[in-house]
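Trainee: I should like to understand how the terms applied to this structure are justified. May we go through them one by one?
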Amino acid sequence: MIAPDTAVLGPFIEFGFMRSALFGCVALSLSAAPVGVFLMLRRMSLMGDAMAHAILPGAAIGYLLFGLSLAAMTVGGIIAGLAVAIGSGLVARNTLIREDTSLAAFYLLSLSLGVLIVSVRGNSVDLLHVLFGTVLALDTAALALLWGITGVTVATLLVIRRPLILDCLDPDFLRQVSGLGALAHYGFLALLVINLVAGFHALGTLMAVGIMVLPAAAARFWVRRVGPLIGAATTIALLASVAGLLVSYHADWPTSPVIVLGLGLVYLLSMVFAPRGVLRQRSVRRSHLRA
Amino acid sequence: MNLHRRLHTLAAIASLGALAFSPPGHAQITPPVKAVASFSILGDLVRQVGGERVEVDTLVGPGADAHVFQPAPSHARKVGQAQVVFANGLGFEGWMQRLLETAGFKGKPVVVSEGIKPLRAEGDKHHHSGKNPARSEHHHGDTDPHAWQAVPNVITYIGNISKGLCAADAAGCDLYRKNAAAYTTQLQALDAEIKAAWAVVPPAQRKLITSHDAFGYYAKAYGVMFLAAQGVSTDSEASAKGVAQLVRQIKKEQIKALFVESVADPRLIEQIGRETGIKPAGALYSDALTDASGPASTYLAMMRANTQAMTRAVQGK
Amino acid sequence: MPDLRHSTPQTAAASPVCLVVRNLTLGYDGHPAVHHLDLRIAPGSLVAVVGPNGAGKSTLFKGLCGELAPLSGSISGLEAVRPAWLPQTSTLDPGFPVTVWEMVAMGLWQQVGALGRFTAEHRRRCDAALAAVGLSGFALRGLDTLSGGQLQRARFARLLLQDAPVVLLDEPFAAIDQRTTEDLLALLHRWQAAGRTVIAVLHDLQQVRAHFPLTLVLAREPIAWGPTSEVLTEANWSRALAMREPFDERAGVCEQAPSAASAVPGRAISDLEAV
């Protein structure tokens, strides 16, 4: 029988790629989970998947100009993602189109443009697949990118945290007292894009979006206020990543789906058993307070 | 005089008879015969047999990936105008059936792998992560389709191609048979060459890592062991255990040769290389030829290039 | 009751400026919603704005806040100060996970901004504001646990913290219970006593008569302006109700000369002082 500490620590001691994977997961948890909390508070959780398609023309143009260069395609993807995010945000804030329709319109435009570019070029190499990596293949450059993104995200969130919260809480009031609302909104969109694109590049689309949306959703059943939500979401993301890596290692299952399934499991269990989950909310209290 | 006339008449009746019994339209084909091959390697083989009498169009071109091929209208047009279509079979072209229907191709494609003893897919871990399920038309099932990696199989391919061309264009049959025979001689020489190249490598050293499960037939034919991380292929998800096992095996058996397939994701291979201290040894060509300027522009060139790269890598050169 | 008059150096008493509106026209798509309004409001006034639906009352507030640019005319007296505005429809999301204290404290934005820390003084002022609206002890409650009346009190507390010399309230007592309304009206009086200008859009004419010394009767064009007892008459009210509510799609360009709207009963505009 394997001793418990060997089962948990062994893989990381023995293999460099496991250590890199862990390091990358930590970076992504610290960065994507807080972004996911705000995404949830702003009711934009479905945006992640739309963005995955929206970045295609950027990656395609990067490929056309520079060949199969990951740097070029990642930069292209980020530019396309930012254009879609900010463009749809501008339209939503200044015309009668709302956020969800605006985003849908932009990402469909973007996606069809990307498909056209790729098809016309004639090469059936699956661009999107080449753009998406796996957590087991993180090299030094990828880790540097992930930790860089984490640094930028944490710093930016610290600065725009209050306007962002107020923009959700009472946007008219924010507009009365400060012009920062729009800036905070676009800054947040930019954070979303770079976290997603970097996540896709390093970890694949499933995990990048999953680690953003699921921890926040699970955390909702544990705590109420924004600060604790961020803390809880980050913790859940960290624990699930580590557990997922270990399960993938011992059970020989593909890593990304295991991590995301783990997160999903935490979400479901939280929904039922957590302090603000279904069971506790419905249970009859045996006594109540005097006043 | 009577005998001559009788022979003439007999010959005339015989030709008429031949005309009557051959499939309508096929006996009257004027060269060049329009043929379509599903992918570049097959295209090269058909050209070798058909010579100048056959005009070959390839669907999945050089450098492209047949696993994620999406037929476009131009492909349907080519197929519609073709007189004969060649496919590998063994589950390689999941998209072929639909394309033929769309293009309105009458008749069946010539499946060149008929008669070959198929191998099971190695490890059976050719998953598709569903990232883009609509684009993954590649269904191995349990069979490994890469039969062309063993030269004796290609000799069978040539035979089937020759038969297929004969059926479509009886008038050129002699030419096809002649070309096939000549090419088969070259293939036999190639086969001997490959065997000789491996003969100098001790069996214990005949181990390679590559990222795609494409070399099962080569392994069996020439006594070489290919290892691939489970799921480390064109479009499936890797598992930590699979990678770990591979790393351990490389270290234990001191494998020196690490190859990155030309159409696969190289990052995982590079990671394994970093972990074990091996430098990736370039590309092996498995599913497609290169274009005319590359080192694997024909089947013969491809096999020679692969073999040379492999033998050098395992000997640590 | 805490005395708010001397709480900060930035009360209206320190900067008494008249709010002057000259020949103001505000509207949408060229159609006027407020038509040729002239007004002069002395600091420390408690003003009610009444009128039928669509009379332009909310639009007037938008103009005073700078949300809507005038089609013609001008507003002066608000250059150095930003009015605190309580709109009729609130975009406040009561389900958002913040405490009452956190929501009310946003009123201190001008001092704290996006990055500033809340000092002990700020905390004291927050607690004072909550007490002033009768929400002491609610500081740590979640916003989603408040009733409609309590939420409105919280919004008033936030308004208080904004400490603006001019306060605009658009239907502040709609759908609020009697007790809360009375408490908040008392708060308005205290604000006025502290020297702030308070302008409120109201529909309850009894309330107006009982609590507001000055009234503007608005039906797109100003019908009457002055002391409530003189201005809130049957005649004026009927004239107000006669206003056509929808915009006239076939209207031509307006050629009306400025200051033609001074033909109102009651005192002349320029003679008005705080009551």
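Trainee: Which residues does C:A157 touch, not counting residues up to four places away in sequence?

Mentor: They are C:V104, C:A129, C:L130, C:A132, C:V133 and C:L135; contact requires C-beta atoms, placed from the backbone, within 7 Å. This is a predicted model, in which local features need pLDDT of at least 70 and side-chain atom pairs pLDDT 80 or more, while totals for chains, interfaces and linings use all residues. Residues are numbered from 1 along each chain as its sequence is written, and chains are lettered from A and ligands numbered from 1 in the order written.

Trainee: What makes the 249 residues to which C:A157 belongs a nonpolar core?

Mentor: A nonpolar core is a set of buried Ala, Val, Leu, Ile, Met, Phe, Trp, Tyr and Cys residues joined through C-beta atoms within 7 Å; buried means 20 or more other C-beta atoms within 10 Å of the residue's own. In the largest such core, B:F86, C:V104 and C:A157 touch the most other members. Helix α2 (residues 16-41) of chain A gives the most to this core, with 13 residues; helices are DSSP runs of H or I, at least four residues.

Trainee: Why are α12(A) and α8(B) called oblique to each other?

Mentor: Their axes, lines fitted to C-alpha atoms over the stretch in contact, come within 6 Å and cross at roughly 60°. Angles under 35 degrees count as roughly parallel, over 145 as roughly antiparallel, 65 to 115 as roughly perpendicular and the rest as oblique; α12(A) and α8(B) are therefore oblique.

Trainee: Which residues meet there?

Mentor: A:L245, A:S248, A:Y249 and A:H250 in α12(A) meet B:A240, B:K241 and B:A244 in α8(B).

Methods. Buried ≥ 20, exposed ≤ 12 C-beta atoms within 10 Å, placed from the backbone. Helix = DSSP H or I, 4+ residues; strand = E, 2+ residues; numbered from the N terminus. Contact = placed C-beta atoms within 7 Å. Axes fitted to C-alpha atoms, helices over the stretch in contact; angles between N-to-C directions.
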